[in-house]
Amino acid sequence: MKKLVLLLAILLLAFPTFFVAAQEAPVVASVEAFGSALPQGYGMISVDDFNVLLVEQELTLLDVREVAEYEAGHIEGSFNVPIRTVGQNLNLLPDLDAPIVVICKGGGRAMLAATGLNVLGYTNVKVLRGGFDAWAGEELPVTLDAFVPEAGSAPEIDAAVVAAVDNFFATLPEGYALVSPQNLAAELVENPPILIDVRTDEEWNSGYIEGAQHIPVAEFTARQSEWPADKDANIVIYCQSGVRGGLAMSLMRIMGYTNVRNMSGGVNGWLAAELPLVGVPFDLNTYIASYVAGLPETFNAVRVADLATELAAENDLLLVDVRTADEFAEGFIAGAINIPLGELTQHLDLLPNLDQPMVVYCGSGHRSAIAMTALNLLGYTNVRSMLSGFGGWTNAGNPVSTELTEAVAGTAPEFDVDVFAAVDAYMTSIPEGYWTVRAPDLAVELIENPPILIDVRTDGEWAAGWIEGAVHVSFADMFTLQAEWPQDLTASIVVYDNPTHRSSMTMTILRMLGYENVRVLAGGVGAWTNAGQALVTE
């Protein structure tokens, strides 16, 4: 008898656990069934498509905003069931296959409601993208007259599934389990939650929040083994805009997770808050565009007279002569060190730290503009190029020297690997002639085999006259006007300005971005007119 009582006691202790497990099985099955066959577009419908459906079908319009929001204005024919009470009012909804459109203020709550309804077995649920705000923003009609549907009988749905979904709705916290990017950023420093990124592989590979794990929403329920084991763990889910994050967060809460939130606005909101991603692939175009946008009005050029004044004063300015060794041996500006242009990236250990002031010069200003651009892109923040080069220096009567300054090698700074690779590949490929064309030779080409001419001067300079046939893309606006660049990367292109500083920078940039046949008009507009060639003004 005692053994029987003991056995019954054991069974009674075990029964509640067995009961809970049995109750959870239908919930798991419903969640997995929905997660394995997510609707196209996650059930989102635009205002325009919604308007079409209103004409073509009889729709059930479920507004899940709070009562006060609904009473302030709503779409005609919609009825109000605040989201926390949806699970208790299934008798107001049609059968499981009838078309339902869920509406809230901006779409967030509607996605939570739609996810819950989908898990319950409703098969034709859509979410109005942008919510009531999008509808009103299109100046479409709204009403204050409440619509109250006739109550019927709720569909037959497994009680455990109804209980789980109802609990999800009823226990939604204030703010509907959203966390702003700014608040999440603070939490990641002070008390980091578990981060789950539910975007696609392609989106993940474009950059993600540091510390996140990746489970694409299409695989989310199939990979439950990767969900945190602790159902009370602090979890934040995010996607690109917030839609998929809300869907995944809903599924986890229905499965019994108690502290899951969705980052509002997703990665778009994170970036809008100027917060960083990691794993972002290097984009040379974006990197160079940012560099050009940050250039000063001088484009880091310095005139001969201004440099002479600077050198006369006490300073720690380093002069780098990028002419050939033979040119350098014939005379140079006192104190300069010589690193020929094509060897520059191989001897960065001869340069000072990234912030120390440097001026680069060559024979005419062309090679030094290339070198300055390369150094700027590598991260040197205080490098300028001397306009008109060593020729301009001597023509101004400034002294030259043949007394060598010993360049002491140190340790080169650490550079971004991708940036260095791009700059080094370009610098070490520069041929003899440095991709220039003389004015007389260009004049012949324009008759026999015209290249594309690009004038990178300012609007005012252009208005004073340009080479016939040229297109105008000012250097400062070159990335704003990128759509006007030649599409053929193999096209013959000649860039010019006055003299050659901006055009040399432009040529460098275009070649680094893949253009194979870009040259610079040596001497620019001045050399063109000095060669007896005309400019046009119309």
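In this predicted model, the secondary structure of the chain comes to 20 helices and 20 strands. The radius of gyration is 34 Å, whereas the globule rule gives 24 Å for 538 residues; the value for this chain is well over that figure, so the chain is more spread out than a compact globule. The C-alpha trace tells us about the outline as well, spanning about 115 × 65 × 40 Å along its principal axes.

Two of the sheets are worth walking through in turn. As a reminder, strands of a sheet pair through backbone hydrogen bonds, either parallel or antiparallel. One open sheet is built from five strands in the order E11-E15-E14-E12-E13, and its pairing is parallel. At its edges lie strand E11 (301-302) and strand E13 (337-338), each of which pairs on one side only. Further in, strand E12 (residues 318-321) runs parallel to strand E14 (residues 358-361), and four bridges join the two. To find one of these links in the structure, look for Leu318, whose bridge partner in E14 is Met358. Helix H14 (residues 366-378) lies across E14 and strand E15 (383-386), and runs at about 175° to E15.

The other open sheet also has parallel pairing, with five strands in the order E16-E20-E19-E17-E18. Here the edge strands are E16 (436-437) and E18 (471-472), and each pairs on one side only. Strand E17 (residues 452-455) runs parallel to E18, to which two bridges join it. Within this pairing, Ile454 stands opposite Val471 in E18. Helix H19 packs on this sheet, where it touches strand E19 (493-496) and strand E20 (518-521). The direction of H19 makes about 180° with that of E20.

Helix H19 (residues 501-512) has a helix partner too: it packs with helix H11 (residues 284-293) at an angle of about 165°, and the two axes are 10 Å apart. Since angles over 145 degrees count as roughly antiparallel, this angle makes H11 roughly antiparallel to H19. Their crossing is right-handed. On the H11 side, the residues that meet H19 are Leu284, Ile288, Tyr291 and Val292; facing them from H19 are Met505, Ile509 and Met512. Sorted by class, this contact has seven nonpolar residues, with no polar and no charged ones. Helix H19 can thus be followed from its contact with H11 to the strands E19 and E20 that it touches in the sheet.

Technical notes. Residues numbered from 1 in each chain as written. Predicted model: local features only at pLDDT ≥ 70, side-chain atom pairs only at ≥ 80, totals over all residues. Heavy atoms only, no water. Pairing = 2+ DSSP bridges. Contact = heavy atoms within 4.5 Å. Axes fitted to C-alpha atoms, helices over the stretch in contact; angles between N-to-C directions. Parallel < 35°, antiparallel > 145°, perpendicular 65-115°, else oblique. Left-handed = near helix turned anticlockwise from the far one by under 90°. Nonpolar A, V, L, I, M, F, W, Y, C, P; charged D, E, K, R; others polar. Rg over C-alpha atoms; globule rule 2.2 N^0.38 Å.
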